[in-house]
Amino acid sequence: MVIRVYIASSSGSTAIKKKQQDVLGFLEANKIRFEEKDIAANEENRKWMRENVPENSRPATGYPLPPQIFNESQYRGDYDAFFEARENNAVYAFLGLTAPPGSKEAEAQAKQQA
């Protein structure tokens, strides 16, 4: 399973750049395999991302903004959903991955199941 993060390499928005770096930095730091899909440099990536973000997750006007996160082709969420999952120690569940043994998330899951 590969996490795909749709980003815009040439975004003029500092907020978008910070959000993208936050997601990518977290994945790198936690050694979670991922692919960056640039929607600014590749029209196919942009088209695919726009078509695969579910209706109920799209903004009322305009297009969904990066970063958008997928597990293979399954939509997982945008930055706000990622941030909330991280705050709740539930990023692996958010990404559709199994939390590694010894992680805070794995310990929290074990306590819930006990």
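# Report on a predicted model: loop, strands, cores and aromatic pairs

Serine 103 is placed in the loop between helix H4 (91-95) and helix H5 (104-113). The structure described here is a predicted model. Within that loop, serine 103 counts as buried because its relative accessibility is 15%, under the 20% limit. A polar atom of the side chain of serine 103 lies 2.8 Å from the backbone oxygen of proline 100.

The strands come next. Strand S1 and strand S3 run antiparallel and are joined by four bridges. Across this pairing, valine 5 stands opposite isoleucine 69 in S3. Strand S3 (residues 68-71) is also joined by four bridges to strand S4 (residues 74-78), again in an antiparallel arrangement. Here glutamine 68 has aspartate 78 in S4 as its bridge partner. The hairpin of S3 and S4 has two residues between the strands, and glutamate 72 takes a positive phi near 55° in this hairpin.

In a regular strand the side chains alternate between the two faces of the sheet. Strand S3 shows Gln68 and Phe70 pointing one way and Ile69 and Asn71 pointing the other way. All of these residues are buried.

The nonpolar interior may be described next. The largest nonpolar core has 18 residues, and those with the most contacts inside it are Leu27, Phe82 and Leu95. Two or more residues of this core come from each of strand S1 (3-7), helix H1 (14-29), helix H3 (79-87) and H4. Another core, of seven residues, lies apart from the largest one and includes Ile39, Val53, Phe70 and Tyr75. Phenylalanine 82 touches Asp22, Val23, Phe26, Ile69, Val91 and Phe94, when residues up to four places away in sequence are not counted.

The aromatic residues form a further topic. A pair of aromatic rings is described by the distance of the centres and the angle of the planes. The count comes to eight aromatic pairs, and two of them are set out below.

| Aromatic pair | Centre to centre | Angle between planes | Arrangement |
|---|---|---|---|
| Tyrosine 6 and tryptophan 48 | 5.4 Å | 10° | stacked |
| Tyrosine 79 and phenylalanine 83 | 6.0 Å | 35° | tilted |

The pair of tyrosine 6 and tryptophan 48 links distant parts of the chain, with tyrosine 6 in strand S1 and tryptophan 48 in helix H2 (residues 43-52), 42 residues apart. Tyrosine 6 counts as buried because its relative accessibility is 3%, whereas tryptophan 48, at 25% relative accessibility, counts as partly exposed.

Tyrosine 79 and phenylalanine 83 are four residues apart in helix H3, so about one helical turn separates them. With a relative accessibility of 13%, tyrosine 79 counts as buried. Phenylalanine 83 counts as partly exposed because its relative accessibility is 33%. Both residues belong to one aromatic cluster, formed by Phe26, Tyr79, Phe82, Phe83 and Phe94. Phe82 in this cluster is also among the residues with the most contacts inside the largest nonpolar core.

One further arrangement involves a ring and a charge. The charged end of arginine 50 sits over the ring of tyrosine 63, at 3.6 Å from the centre of that ring.

Notes: Residues numbered from 1 in each chain as written. Predicted model: local features only at pLDDT ≥ 70, side-chain atom pairs only at ≥ 80, totals over all residues. Heavy atoms only, no water. Buried < 20%, exposed > 50% of the residue type's maximum accessible area, 1.4 Å probe, protein only. Polar contact = N/O pair within 3.5 Å; in protein donor to acceptor, adjacent residues only side chain to side chain. Core = buried A, V, L, I, M, F, W, Y, C linked by side-chain atoms within 4.5 Å. Contact = heavy atoms within 4.5 Å. Phe/Tyr/Trp six-rings, centres within 6.5 Å; stacked < 30°, edge-to-face > 60°. Lys NZ or Arg CZ within 6 Å of the ring centre and 35° of its normal. Pairing = 2+ DSSP bridges.
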